[in-house]
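Reader: I have a protein model open and would like to learn how to read it. Where should I begin?

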Amino acid sequence: MVPDPSDFLAVDAELTAEERDIRDAVRDYAAAELAPRIAEWYESNTLPRDIAKGLGSLGLLGMHLEGYGCAGTNATSYGLACRELEAVDSGLRSFVSVQGSLAMFAIHRWGTEEHKQTWLPRMATGEALGCFGLTEADAGSDPGSMRTRARRDGDDWVLDGSKMWITNGTLADVAVVWAQTDPDAGSSGIRGFVVPTDSPGFTANEVKHKLSLRASLTAELVLEGVRLPADAMFPEVTGLKGPLSCLNEARYGILWGAVGAARSCYEAALSYALDREQFGKPIAGFQLTQRKLAEMVVAVNQASLTAARIGRLKDAHELHPAQVSFGKMANVHAALDVARTARTVLGGNGITLEYPVFRHMTNLETVLTYEGTEEMHALSIGQALTGLAAFR
């Protein structure tokens, strides 16, 4: 049997019937409802809030969480959803990832029962949206150096500071914000807070003039004397353990999503090469083009295998954070290579929004560095290999 060009190694043959159903449902919805509008959203640097209701109706928001209106799927199914969404655009996967793997996961894992009951059911349906405030303008790879402060004032907490590069920040009804409560304690003083975005002193300013992830809304969060009750703080988790646990969830979705972006670029290049004629025949018939197509399909399928294996490790509760770093680093790098090669196959057409390739390529430049830069993931892998931390 001739291999399927879209799944050359039949990686999806290993999926369960339920996982295939979820894959197909997300793929069909994305093709019908999202793909026809994505170029417009990208060009206008916008993403309408109303997509949340559709995604929520499919059960995609916080889909890997249990209870509180969440679907409770396995990790592989969540990964497949991320793959199919990012096959349309990284901004769509980011929207779902921030909602489910950062904001909802943080509340689900570290919040009080009141936090969970108040926010999770509405977030699962898309009625309420969340964002995740960790990164600052001067604290990216080193979140322990954050300057956002939380101080006690009577029974309340008062937050002051700012967060940068916050996806969904201008759409969010609730923000999970990490702040330093005791500078003398170093990173051990960092605590998480559930912050309604209508709190006095909270503002979200959209980041303009982006050349990447344009179908995604990015914000600076500013907190000026934001007063919160004592129970707004996550009660148990201290230090960077809390935010890093959330980032590992989000990075897991990214390593799957990158496969979708790579597949989309490769399929666009293959289709174009079969249709485009030069020197009297389709350019797919030339040796150099076939070499490019072969390299792309190898990269896509290797990335797909990596994602599938990491998904099974996560489902078995055997996944180490360094293995997530492996997947994120390897798959995003592979997807970028595929996107750049696909662009050469399409020639000048490759830089237009008529095709998805250049849009994916610019998005992947951001995916390469958010949720942990390539350098930080390399050091995470290096520490797992040697037992020696080289972060400082």
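**Strands, domains, helices and pockets**

Author: Begin with one pair of residues: T203 has V222 of β7 as its bridge partner. Strands here are DSSP runs of E with at least two residues, helices are runs of H or I with at least four residues, and both are numbered from the N terminus. Two strands count as paired if DSSP finds at least two bridges between them.

Reader: What kind of model is this, and how are its residues numbered?

Author: The model is predicted, so local features need pLDDT of at least 70 and side-chain atom pairs count only at pLDDT 80 or more, while totals for chains, interfaces and linings use all residues. Residues are numbered from 1 along each chain as its sequence is written, and side-chain values use heavy atoms, with hydrogens and water left out.

Reader: In which sense do β6 and β7 pair?

Author: In a regular strand the side chains alternate between the two faces of the sheet. Here, strand β6 (residues 202–206) pairs with β7 in the antiparallel sense, over 5 bridges. Strand β7 (residues 218–228) also runs antiparallel to β3, to which 8 bridges join it. Between β3 and β7, S162 is bridged to V222, and T167 to T218.

Reader: Which residue in the turn between β2 and β3 has a positive phi?

Author: That residue is G154, with a phi of about 65°, in a hairpin where 2 residues lie between β2 and β3. Strand β2 (residues 149–153) is antiparallel to β3, with 5 bridges. R151 is the bridge partner of V158 in β3, and D153 stands opposite D156.

Reader: Which residues does UniProt list for the N-terminal domain?

Author: UniProt positions are given in the numbering used here, feature names are shortened, and annotations may be inferred rather than shown by experiment. The unreviewed UniProt entry gives "domain: Acyl-CoA dehydrogenase/oxidase N-terminal" for residues 16–127. That span is 72% helix and 0% strand, with its end C-alpha atoms 31 Å apart. The same kind of record, also unreviewed, places "domain: Acyl-CoA oxidase/dehydrogenase middle" at residues 131–226. There the chain is 0% helix and 50% strand, and the end C-alpha atoms lie 16 Å apart. For residues 239–385 the unreviewed entry has "domain: Acyl-CoA dehydrogenase/oxidase C-terminal", a span with 77% helix and 3% strand.

Reader: At what angle do the axes of α3 and α7 cross?

Author: Two packed helices are described by the angle between their axes and the distance between the axes. An axis is a line fitted to C-alpha atoms, for helices over the stretch in contact, and angles run from 0 to 180 degrees between N-to-C directions. Helix α3 (residues 75–86) and helix α7 (residues 287–315) have axes that cross at roughly 145° and come within 8 Å. A75, T76 and R83 of α3 meet S304, G311, R312, K314 and D315 of α7 (contact means heavy atoms within 4.5 Å).

Reader: What volume does the largest pocket have?

Author: Rolling a probe the size of a water molecule over the atoms shows where empty space is left. On a 1 Å grid over the protein atoms alone, a cavity is a set of points where a 1.4 Å probe fits but cannot get out; a pocket is an open set with protein on both sides within 12 Å along at least five of seven lines, and lining residues have an atom within 4 Å of a point. Grid points are joined across faces, edges and corners, and a volume is the space filled by probe spheres set on the points. The volume of the largest pocket is about 1,300 Å³. Its lining has 43 residues, and G140, L247, R251, E371 and G372 are the closest to its centre. Helix α4 gives the most to this lining, with 5 residues.

Reader: Which residues lie nearest the centre of the second largest pocket?

Author: They are H64, F105, E249, K314 and H317, out of 25 lining residues. This second largest pocket has a volume of about 640 Å³, and α6 gives the most to its lining, with 6 residues.
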